[in-house]
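Notebook open, coffee poured. Today I am looking up how two helices pack and what lines the pockets.

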Amino acid sequence: TGDVDGIIAEGTKTGFPNPNISLYRRIKEMGIPVIFLHCSYPELDDAVVVGRNDMAGGRYIADYLIGKGYRKFGAIFKSDDRQGLLRYAGFCEGIINAGLSLDCVRPRWYTTEDVYASTEGGPDEVPVDYFTGDALVCYNDMVATAAITDYEKRGIPVPLILSFDSSHLCQAYPGRILSLGHRKDELGETAAVKMINMLSGKTEESVLMDWIC
């Protein structure tokens, strides 16, 4: 540990209790600063996080769809990841704020194991659930592209699909996925600056960046 001055970590399965929380607390006691990318674990409520405002992203998508007149939604989100839980929570909050019932949302959930248990291990193997409503909201672009593949294999019309991350995967389906983007470089640079400040003895706070709509 004497060779480590600071740690920038990206958590895994942040939606579940973490058996290594005592280790993170021990690292803090040793005076080693830690910054989490995207989100931390619920048990570390004082952790410094550099991420995106996932709740706000979910609300934005709900507002967009409702503003366009959509009233029946499918949703596919990752259940063992706090990002998935927060994006879905924000989406539901937007639905409720608009005076609609959550009965208009048909959610489906998947976990990390669901992806790695697939025979091919590729995006097309993400366990999606097709539905015939107005719009489908996906956890990220990998799920969105998998959903399109699934619809096409079944010969079912593809609904409007909204997603998060605005990654290169969307380029394979131009105009078919509306995906919220974010400034990946800015996120990394912000984490680096905060780490340098913490190594200098300064106190830093979490920052959640806005999505690019």
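**Entry 1: the helix pair.** I began with handedness, and found that α2 passes α3 in a right-handed crossing. A reminder to myself: this is a predicted model. Next I looked up the geometry of the pair. Helix α2 covers residues 54-67 and helix α3 covers residues 82-97, and their axes come within 6 Å. The crossing angle is roughly 40°. Angles under 35 degrees would count as roughly parallel, and α2 and α3 are therefore oblique to each other.

**Entry 2: who touches whom.** Which residues of α2 meet α3? I noted D54, M55, G58, R59, I61, A62, D63, L65 and I66 on the α2 side. Their partners in α3 are Q83, L86, R87, A89, G90, F91, E93, G94 and I95. Sorted by class, this contact holds nine nonpolar, four polar and five charged residues.

**Entry 3: the largest pocket.** I then turned to the open spaces. The largest pocket encloses about 390 Å³. It is lined by 19 residues, and E10, H38, D81, Q83 and Y139 are the closest to its centre. I was happy to meet Q83 again here, having just listed Q83 among the α3 residues that meet α2. The lining divides into three nonpolar, eight polar and eight charged residues.

**Entry 4: the second largest pocket.** How much volume does the second largest pocket have? I read about 320 Å³. Of its 15 lining residues, K28, V34, D46, A47 and V48 are the closest to the centre. Both α1 (21-29) and β2 (34-37) supply at least two residues of this lining, and α1 gives the largest share, with three residues. By class, I wrote down nine nonpolar, one polar and five charged residues for the second largest pocket.

Terms used. Residues numbered from 1 in each chain as written. Predicted model: local features only at pLDDT ≥ 70, side-chain atom pairs only at ≥ 80, totals over all residues. Heavy atoms only, no water. Axes fitted to C-alpha atoms, helices over the stretch in contact; angles between N-to-C directions. Helix = DSSP H or I, 4+ residues; strand = E, 2+ residues; numbered from the N terminus. Parallel < 35°, antiparallel > 145°, perpendicular 65-115°, else oblique. Left-handed = near helix turned anticlockwise from the far one by under 90°. Contact = heavy atoms within 4.5 Å. Nonpolar A, V, L, I, M, F, W, Y, C, P; charged D, E, K, R; others polar. 1 Å grid on protein atoms, 1.4 Å probe; cavity = no way out; pocket = protein on both sides within 12 Å on 5 of 7 lines; lining within 4 Å. Points joined across faces, edges and corners; volume = space filled by probe spheres on them.
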